[in-house]
Amino acid sequence: MKTMSLIVLAALAAPAHAQFAKPDDAIKYRQSAMALTGAHFGRLGAMANGRVPFDAKAAADNAEVVALVSKLAFTGFTDGSGQGNTRAKAEVWGEADKFKTAASRQQEEAARLLAAAKTGNLDNLKAAFGETAKTCKGCHDNFRRE
Ligand code: ASC
């Protein structure tokens, strides 16, 4: 993705709460972002685990999506969107500091994953993929219902 479009998307993402007319919209938004993140993270995992051949360009492109879209997902956990068709635990809001810390960690690792993917080196990708996966899992274990 071009740097300019990333900047534009980031600017649009900033006042996200104002963009959801109702809690259900926020839930759908974050679930969509999670689904996209999962799809693109899965493609990286397939390369990291040797299920598909390593392709440096594809790795960088996928990591770009993960870094951006996983960040967007966190903007969907707006106040009042803990009820409804969601597996988010009440702790997302009840332990907001802990959730924000976990979110920050995920975003740091996703940024490292992107940097690693851009090196074009499979070992770098493998290492960063593993670290990022831990931050995904940590958050899911603590803040997502079965
Ligand atoms: C994925 C995916 C997750 C994480 C998690 C990491 O590919 O969809 O939720 O990795 O399983 O342990």
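This text goes through two helices and a ligand site in a predicted model.

Helix H2 covers residues 23-48. Its 26 residues, at 1.5 Å a residue, should span 38 Å, and the end C-alpha atoms lie 37 Å apart, so the separation agrees with the expected span. Several residues of H2 are buried, that is, under 20% relative accessible area. Among them are Ala26, Ile27, Arg30, Ala33, Thr37 and His40. Towards the end of the helix, Phe41, Leu44, Gly45, Ala46, Met47 and Ala48 are buried as well. The cover over the buried residues of H2 includes H3, helix H4 (91-94), helix H5 (96-118) and helix H6 (122-143). Just after H2, glycine 50 has a positive phi of about 80 degrees.

Helix H3, one of the elements that cover H2, runs over residues 56-74. The same check applies to H3: 19 residues at 1.5 Å each should span 27 Å, and the end C-alpha atoms are 28 Å apart, which agrees. The N-terminal end of H3 is capped by aspartate 55, which places a side-chain oxygen 3.1 Å from the backbone nitrogen of lysine 57. H3 is mostly covered, with 14 of its 19 residues buried.

The ligand brings back one residue of H2, Phe41, which is among the residues around the ligand. The others there are Ala133, Cys136, Lys137 and His140. Histidine 140 also offers a polar atom: an N or O atom in its side chain is 3.3 Å from an oxygen atom of the ligand. Taken alone, the ligand exposes 310 Å², and the protein buries 58% of that area.

Definitions and conventions: Residues are numbered from 1 along each chain as its sequence is written. This is a predicted model: local features need pLDDT of at least 70, side-chain atom pairs count only at pLDDT 80 or more; totals for chains, interfaces and linings use all residues. Side-chain values use heavy atoms; hydrogens and water are left out. Helices (H or I, at least four residues) and strands (E, at least two) are DSSP runs, numbered from the N terminus. The expected span of a helix is 1.5 Å times one less than its number of residues. Buried means under 20% relative accessible area, exposed over 50%, partly exposed in between (1.4 Å probe, protein chains only). A polar contact is a pair of N or O atoms within 3.5 Å; within protein, one must be able to donate a hydrogen and the other to accept it, and residues adjacent in sequence count only if both atoms are side-chain atoms. Contact means heavy atoms within 4.5 Å. A residue is near a molecule or strand if one of its heavy atoms lies within 4 Å of it. Accessible areas come from the Shrake-Rupley method with a 1.4 Å probe; for residues, only the protein chains shown count as cover.
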